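Trainee: Please take me through one part of this protein up close, and show me how that part sits among its surroundings.

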Amino acid sequence: MDLIEKATVMHYHRHRIAECRYGSVESLGWRSVTSQLARYEVLAKVGDLNGVSILDIGCGYGDLKAFLDLHYSNFDYIGIDQMPEFITKARIRYDGDLRTVFYQTDFSTVELPQVDVVIASGALGYRCKNDRFYTDMICKLYNSARIALAFNMLDKSIFPQHDLLIGHDRDEILALCRALSPRVVCVNGYLEDDFTVFMYRNGANG
């Protein structure tokens, strides 16, 4: 994404914060807590997340960390988001948790750490003029994962035209993923306009 596109995303979220309340799921761009949780429930099915290291791309306020704490234990968590307002609240929220860390940075430009599982919820849904951005980012996120990558996208065939957000062709995304990974799983049906993809490494079981 270029600087104007990144600035547009930040302006969008700052407008949502002012309109919907700082700390709310709506300020992150989700329609409701219900839709956010529906995505988290599917993403967490990527595998057994007990005792693993997790990288959360576009982590927002760290809501995924809170969800995972209800179902898994003994995992290390790294959250990345470019929005300073989100990271500030997330750091306060998890202050003192030695196995949780947040970084305010652009995941598309920094070198990502090697972790067991990478999760990206909503991070690949922003419009970008560079058509290769999405394929390049899927490759980058997958290369950061030792066990698996789990990400969701909006379904182009259903999602309406939007100034900032973009839907993707599910078949084209799956073809790319299958060229990279020996095992790819696609989950549909949990929300009308969303799909989730799991990409596994050799020998990894979901």
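Mentor: Helices and strands here are DSSP runs, numbered from the N terminus: a helix is H or I over at least four residues, and a strand is E over at least two. Counted this way, the protein has six helices and eight strands. Starting at the N terminus, the elements follow the order α-α-β-α-β-α-β-β-α-β-β-α-β-β. This is a predicted model, in which local features need pLDDT of at least 70 and side-chain atom pairs count only at pLDDT 80 or more, while totals for chains, interfaces and linings use all residues. Residues are numbered from 1 along each chain as its sequence is written, and side-chain values use heavy atoms, with hydrogens and water left out.

Let's make strand β8, residues 194-200, our part. A residue is called buried under 20% relative accessible area, exposed over 50% and partly exposed in between, using a 1.4 Å probe and protein chains only. Across the protein, 53% of the 206 residues are buried. In β8, seven of the seven residues are buried, so the strand is largely enclosed by the rest of the structure. Asp194, Thr196, Phe198 and Tyr200 point one way from the strand, Phe195, Val197 and Met199 point the other way, and all of them are buried.

Now look at the strand's partners. Two strands pair if DSSP finds at least two bridges between them. Strand β7, residues 183-187, runs antiparallel to β8 and is joined to it by five bridges. Here Val184 stands opposite Met199, and Cys186 stands opposite Val197. β5 is also antiparallel to β8, with seven bridges joining them. In that pairing, Phe195 of β8 is the bridge partner of Met153.

Follow the chain back from β8 and you reach the turn of a hairpin, where six residues lie between β7 and β8. Gly189 in this turn has a positive phi of about 95 degrees. Asp193 also lies in the loop between the two strands. Asp193 counts as buried because its relative accessibility is 7%. Although Asp193 and Met153 are 40 residues apart in sequence, their C-alpha atoms are 8.6 Å apart in space.

Helix α2, residues 33-43, links back to our strand. Its buried residues are Ser35, Gln36, Ala38, Arg39, Tyr40, Val42 and Leu43. β8 is part of what covers them, and the cover also includes α3 (63-69), β4 (115-120), β5 (145-155) and β7.

A contact means heavy atoms within 4.5 Å. Of the protein's contacts with a separation of 6 or more, 64% are between residues 24 or more positions apart.

For comparison, let's visit another strand, β2, which covers residues 76-81. Five of its six residues are buried, so β2 too is largely enclosed by the rest of the structure. Its partner is strand β1, residues 53-57, and the two pair in the parallel sense over five bridges. Within this pairing, Ser53 has Asp76 as its bridge partner. Asp76 counts as partly exposed because its relative accessibility is 32%. Leaving aside residues up to four places away in sequence, Asp76 touches Val52, Ser53, Ile54 and Arg99. The C-alpha atoms of Asp76 and Ile54 are separated by 6.0 Å, with their positions 22 residues apart along the chain. In the loop between α3 and β2 you will find Asn74. Its phi is near 60 degrees, a positive value in a residue other than glycine. Most residues other than glycine have a negative phi.

One last stop is a helix pair. Axes are lines fitted to C-alpha atoms, for helices over the stretch in contact, and angles run from 0 to 180 degrees between N-to-C directions. The axes of α5 (residues 132-143) and α6 (residues 170-180) come within 11 Å and cross at roughly 35 degrees. On the α5 side, Thr135, Ile138, Cys139 and Tyr142 make the contact, meeting Ile173, Leu176, Cys177 and Leu180 of α6.

To return to our part: β8 is joined to β7 by five bridges and to β5 by seven, and seven of its seven residues are buried.
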